[in-house]
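Please open the model in your viewer and keep the sequence panel visible. The tour proceeds from the whole chain to one helix and then to a pocket.

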Amino acid sequence: MPIIDGFDDESIQTIGHLGIVAGAYDSLGIGKVIDRAIPKTRQHHLTHSQVVELMALNGLGFIERRLYLFPEFFDNIALSRLIGPGITRDYLNDDVFGRTLDAIAEYGPTELFNEIVAECLIQSEFGSHCVHIDTTNFSVTGNYEPDFGTEEIQITYGYPKDGRWDLKRFVLGIAANQHGVPLFLQTFSGNESDKESIRTIIRDLTENLKSPEKVYHVADSEFYTPETLQLLGQHTFWISRVPGTIAQVRELEKSDLPYTPCQDPRYSYSEHRVKYADIDQKWVVYHSEPMHERQEKTFNTNLEKDFEKTRKSLKKLSTHEFVCEPDARTAAEKWVKKHPRYQFKEISVVAVKHKDRKGPGRPKSDEPVTVVYTLDAEIEFNPEFIQQETQKLGRFVLATNDVDLPPDTLLEYYKGQGAVERGFRFLKDKSFRAAEVFLKKNSRIQALAMIMVLCLFIYSMVEFQLRRALERTGKTVISQTKKQTQRPTLKWIFFLFRRVREYSVLVDRRRVPKIANLTDDLRRILGLLGPPYEKYYF
């Protein structure tokens, strides 16, 4: 290849935001943990820790590529800079990734991730006073071979949260702290119920995650079962939304309660001491103005549709013939009890005569006839019942077994549940290629699930560290809306680095690497992150 102006096209390679990913991998000590847990035992070019780093680079590369196309992702990536001197694209193939996934599966994906988290939390500057727990499922295609050497899940049909009833799936459970950083993962068979999987996560989490802080386990209503509450007892603290199917909740939601304003003016609350499943606890009924407004619009729209549907039901009843007037009135009473939203605006029983003989014409005065009775009625809304329904709009009930926890703090901690939900959205984002799983073995799917959550772990940790550094220094970065912010998303930061390239120039017949498109703004971001990140760009 001829050299033009000191460099050639083949010398230009992409770094982009991948140097940030590599810097996080180093600074968090992930490679050291993996080398210690699953060391290289054969004469391969790459260690398992290097292969995991490559998977993380690909997973956070925001490129749609399936596992068997992983090697192509690295065609123009500066591997020697990011992974190690002498590492080239030629070292990468499907077998390399498959061997590492097998090694992770044999060691235990959950156990390996726990060790990574434990190592990172030692050096982190945040605590974990809230642990948010949730599950989701991922659809997969293809056939999967059982691997009898591992404790594996079953890839099978289950309730599809993505609407794909035709695909088999597996369930992924995550526990994340209040900053959205995943602390624990566990995979389950595709038909595992949310209640069972959440109970298993909490039991295993309490055994593995030790913290000197007072920790609250936070979950949605699937958590709130007598079995789970009794499993945790009185001394493992939890926060949960109480299911609306419980009779006491339905009663509270429609009661005329005295409310106290929250510190957040959009909310108010009413406290109640309850004993449920033999556990002393506090229930707090909250009223949310924004939720009330949203639900009221939906309620009014549905009310109009329901009115028309109910009028058709009444019209059908009006065509029925009864043998006597009391039967007609009894039927009307039963009908209105089944439709408590409505009451009769007008109602009458009409006697209808049918002649016994067949043929045209009206019956004569002395001709025998059969008298039947029909209903003639109009309905309107029942104002008392409608008031009861609208009264519970915007209400929800949270429970905790820490009866001293203030309602404002309880609400704040529960609202953090969005952190793990954002994590699931991240994993299922179509720009995050691990959202679709194409593998051969059940055990490899479990291992890849660990890689997926590891990507989320790296992403969340770097985002947290950058935001904390911006707050500490008082500096800002420009956002997508061209405003200065101290809380940028890491995806936006990745976008800012998209043009960074490595190229080499010939100096005294020797190639010298250089970096292109690294602006002063990008240098400031790297300075905030620190030397482990800067070394991949300077």
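**The whole protein**

Begin with a cartoon view of this predicted model: its secondary structure comes to 19 helices and 16 strands. Next, colour the protein by burial; of its 538 residues, 50% count as buried. Then display the surface, where the protein exposes about 27,700 Å², with carbon and sulfur atoms supplying 48% of that area. Should you list the contacts with a separation of 6 or more, residues 24 or more positions apart account for 69% of them.

**Helix H1**

Select residues 18–27, which form helix H1. Is this helix largely enclosed or not by the rest of the structure? Eight of its ten residues have under 20% relative accessible area and are therefore buried, so H1 is largely enclosed by the rest of the structure. Show the buried residues as sticks: Leu18, Gly19, Ile20, Val21, Ala22, Gly23, Ala24 and Tyr25. Continue along the chain to glycine 29, which follows H1 and has a positive phi, near 75°.

**The largest pocket**

Now select His179, Arg422, Tyr459, Glu463 and Arg467; among the 22 residues that line the largest pocket, these lie nearest its centre. Helix H15 (418–428) and helix H16 (442–473) are the elements that give two or more residues to this lining. Colour H16 separately, as it gives the most, with eight residues. The pocket itself has a volume of about 560 Å³. Finally, colour the lining by residue class: nine residues are charged, seven polar and six nonpolar.

Conventions: Residues numbered from 1 in each chain as written. Predicted model: local features only at pLDDT ≥ 70, side-chain atom pairs only at ≥ 80, totals over all residues. Heavy atoms only, no water. 1 Å grid on protein atoms, 1.4 Å probe; cavity = no way out; pocket = protein on both sides within 12 Å on 5 of 7 lines; lining within 4 Å. Points joined across faces, edges and corners; volume = space filled by probe spheres on them. Helix = DSSP H or I, 4+ residues; strand = E, 2+ residues; numbered from the N terminus. Nonpolar A, V, L, I, M, F, W, Y, C, P; charged D, E, K, R; others polar. Buried < 20%, exposed > 50% of the residue type's maximum accessible area, 1.4 Å probe, protein only. Contact = heavy atoms within 4.5 Å. Areas by Shrake-Rupley, 256 points an atom, 1.4 Å probe, with all protein chains shown as cover.
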